[in-house]
Amino acid sequence: MRMDAPRRHYLMPLVLLLGAVATLLPIAASVLLARQQARAQQEQRALFYARDVMRRSEDTLRQIGDAFTLLAATPDLPPCSLLRRQVMQRIDAQSSYIQFVGRLQGGRIVCASYGQFEVPLDVGKPDLVTANGYRVWPELRFRFAPDKAFIGVGNDRFIAVIHKSLPVDTTVAERGVSLAIISLAGQRTLATRGRFLPAWMPGVDDLAPGHQSTRPIGRNIVSQVRSQDADLLAVVAMNEDDYGRELAQFARILVPIGVFTGLLLAYAVRRVAKVQMSLPAVIRSGLRNREFFVEFQPVVRLEDEAWVGAEALIRWKRPGGNLIRPDLFIPAAEETGLIHAITLDMLRLVAPTLTALAARDDDAFLSINLSRQDLREPGLEALLHDLVARTGIRPAQLHLEITERGLSDTVHVRSLIDRLRATGLCVAVDDFGTGYSSLAELVQFNLDVIKIDKAFVDTIDGTTVTSQVAAHIVEMAHALSLGMIAEGIERRSQVEILRRWRVPFGQGYLFARAMGSQAFLEGLARQDRAAGGRPG
Ligand code: G
Ligand code: G
Ligand code: MN
């Protein structure tokens with residue numbers, strides 16, 4: 001059963017959106033914060049690695065400088081003297097970075113710690129010369145280790161050879177890290193690990209000696225550390241791509257959470273809106289738009305099952321075609337003070353049927369339901385008299401059903417009932433047995449009829465205690481000379497018992513369901529014809 005007001009159709013998508021946003025915003029903020037922290041951490045690590053590369057390189061240079069000083073202190077003739085070779089052996093063994101040192105002569109290494117070379121190792125011209133006069137061969141290869149690359153650093157007489165990978169052999173915890181040691185003199189890399197992009201190569205004057213910088217370049221965090229003394233620069237680049245993947249993973253979890261929470265919120269708001277505020281508004285608009293109509297459920301004389309009248313039952317059809325049940329909107333209307341507006345509409349709706357009944361020559365009646373609030377309306381009596389006058393019906397043909405609850409306002413209601421009956425209207429107590437009043441309490445009101453509630457009628461063909469109560473009610477009603485209509489009759493067996501108890505009238509699906517005015521009036525007419533005309 002739906003009763004959303006058309007004006008509120010924009011509300012639910014809005015609530016859904018707000019819910020999703022309200023849920024996602026803090027999560028997204030924390031993700032961003034986490035990202036920022038991760039990035040700061042990455043910058044720190046990049047700088048740490050760059051410093052380590054620089055430390056290794058400077059240590060290497062220091063060892064080379066020490067080696068050259070030591071070698072220069074030994075007499076130079078001959079180039080491969082035993083003393084010279086002993087010094088070389090000590091240097092090779094003691095320095096952690098230098099593979100070996102050698103004596104240079106005309107672009108060739110003629111002697112190393114292990115002796116004079118029969119065929120000297122050709123190193124050719126140095127690729128670059130540093131500011132402090134070192135010659136540098138960044139890409140040396142030797143016959144005895146053809147698949148290994150070395151770096152050679154020399155002065156005019158000696159050369160120190162190191163493994164090319166050694167300066168960048170830093171321990172790195174993550175993947176996607178590139179390391180390089182660069183000679184600023186020649187603007188070229190001496191050693192690299194991982195790929196190295198030209199964009200990471202700093203300009204000559206980018207960094208002052210001893211300074212460092214860390215910043216994003218492209219999709220990488222790039223840290224550069226410049227040596228204080230040597231014209232060396234360490235570069236470390238860490239890939240940022242992991243962030244994107246991380247975020248996409250987050251999104252796969254977060255977006256459904258956001259949507260789900262949004263939906264939940266929208267559902268909750270919808271429920272609250274429906275129950276708390278929209279129903280009265282929708283009832284009002286329903287009344288304005290004449291969405292209510294009335295149906296008639298025939299009341300039969302149990303003796304021959306002839307229709308003797310009908311109960312008018314309000315119905316509500318929403319523009320979409322949804323029928324809303326009265327047991328849903330009547331209590332809501334009673335709670336919100338709208339019931340009288342519905343009753344007024346009801347009186348308008350039954351008028352044509354009353355007029356039609358007035359044109360007949362029998363006593364067929366129409367009963368309408370009144371709520372407790374209707375009984376307090378000062379204009380009620382005038383309204384009813386006006387209805388009788390306008391439709392030409394005899395007052396006895398208009399029955400008023402008042403529920404037990406409606407009778408609670410004792411003094412006022414008793415006098416109201418008396419006045420209504422004095423004008424000839426017939427008053428019935430509805431749903432009898434479901435309220436708190438006993439039949440004994442009921443006698444203080446001068447009533448015409450009691451309508452025995454379906455709850456009792458349901459039990460009368462059984463053997464429960466309630467069936468005894470029903471029998472008792474009927475007995476008492478007889479004693480008080482009250483009329484009776486048994487409600488909700490669905491089985492033959494009930495009819496037989498009710499007849500035996502001399503309950504005169506009944507109402508229920510067994511005989512007829514509620515129907516339109518025309519069907520009801522035609523049913524009465526058909527009954528007239530079957531009876532072969534009435535004796536007047
Ligand atoms: O057949 P139905 O489902 O309509 O009945 C549901 C309830 O609504 C019954 O208790 C009936 O008395 C009540 N009802 C039906 N029409 C009206 C009406 O016009 N006014 C009031 N107050 N109650 C009504
Ligand atoms: O006003 P009152 O509460 O008496 O309204 C009668 C209610 O009982 C209406 O909702 C009507 O549709 C319903 N009703 C009438 N006859 C039967 C019946 O035989 N069986 C059931 N289940 N409901 C019935
Ligand atoms: Mn009723």
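**View 1. Seven strands of this predicted model line up in an open sheet.** Reading across, the order is β3-β2-β1-β7-β6-β5-β4, and the pairing is antiparallel. At the edges sit β3 (115-122) and β4 (128-129), each of which pairs on one side only. Zoom in on β2 (residues 108-112) and you find four bridges linking this strand to β3 in the antiparallel sense. One pair to look for there is Cys111, whose bridge partner in β3 is Gln116.

**View 2. Helix α2 lies across part of that sheet.** The helix covers residues 82-94, and the strands it lies across are β1 (98-104), β2, β3 and β7 (158-163). Its direction makes an angle of about 155 degrees with β1.

**View 3. Here is another open sheet, this one with five strands.** Its order is β9-β8-β12-β11-β10, again with antiparallel pairing. The edge positions go to β9 (188-193) and β10 (212-217); each has a single partner strand, so one side of each is left without a neighbour in the sheet. Going from one strand to the next, the twist averages 20 degrees. Inside the sheet, β8 (residues 177-183) and β12 (residues 232-239) run antiparallel and are joined by seven bridges. Ser183 is a handy place to start, with Leu232 as its bridge partner in β12.

**View 4. Four protein residues hold the manganese ion, ligand 3.** The donors are Glu311 (OE), Asn369 (OD1), Glu401 (OE) and Asp430 (OD), and they lie 2.1 to 2.4 Å from the metal. Along the chain, their spacing reads E-x57-N-x31-E-x28-D. Asn369 belongs to strand β16 (residues 365-370) and Asp430 to strand β18 (residues 426-432), so this pair ties together parts that are 61 residues apart in sequence. How exposed or buried are these two? Asn369 is partly exposed, at 28% relative accessible area, while Asp430 counts as buried, at 5%.

**View 5. Ligand 1 shares this neighbourhood with some of the metal donors.** Glu311, Asn369 and Asp430 are among the residues around ligand 1, and each is also a donor of the manganese ion. The surroundings further include Leu313, Ile314, Pro326, Ile330, Ile339 and Met346. For polar contacts, check Arg315 first: an N or O atom of its side chain is 2.5 Å from an oxygen atom of ligand 1. Another oxygen contact involves Asn369, with a polar side-chain atom 3.2 Å from an oxygen atom of the ligand. Ser371 instead has a polar side-chain atom 3.1 Å from a nitrogen atom of ligand 1.

**View 6. Ligand 2 has 13 residues around it.** Coming nearest are Glu311, Asp430, Glu487, Glu490 and Tyr509. Which atoms pair up? An N or O atom in the side chain of Asp430 is 2.9 Å from an oxygen atom of ligand 2. The side chain of Asp431 also places an N or O atom 3.0 Å from an oxygen atom of the ligand. With Gln297, the ligand atom is a nitrogen, 3.0 Å from an N or O atom of the side chain.

**View 7. Thr353 is tucked into helix α5 as a buried residue.** The helix spans residues 339-358, and Thr353 has a relative accessible area of 2%. Leaving aside residues up to four places away in sequence, Thr353 touches Phe296, Leu366, Ser517, Phe520 and Leu521.

How values were computed:
Residues numbered from 1 in each chain as written. Chains lettered and ligands numbered in written order. Predicted model: local features only at pLDDT ≥ 70, side-chain atom pairs only at ≥ 80, totals over all residues. Heavy atoms only, no water. Pairing = 2+ DSSP bridges. Helix = DSSP H or I, 4+ residues; strand = E, 2+ residues; numbered from the N terminus. Contact = heavy atoms within 4.5 Å. Axes fitted to C-alpha atoms, helices over the stretch in contact; angles between N-to-C directions. Donors = N, O, S within 2.8 Å, 3.2 Å for Na, K, Ca; no water. Buried < 20%, exposed > 50% of the residue type's maximum accessible area, 1.4 Å probe, protein only. Near = heavy atom within 4 Å. Polar contact = N/O pair within 3.5 Å; in protein donor to acceptor, adjacent residues only side chain to side chain.
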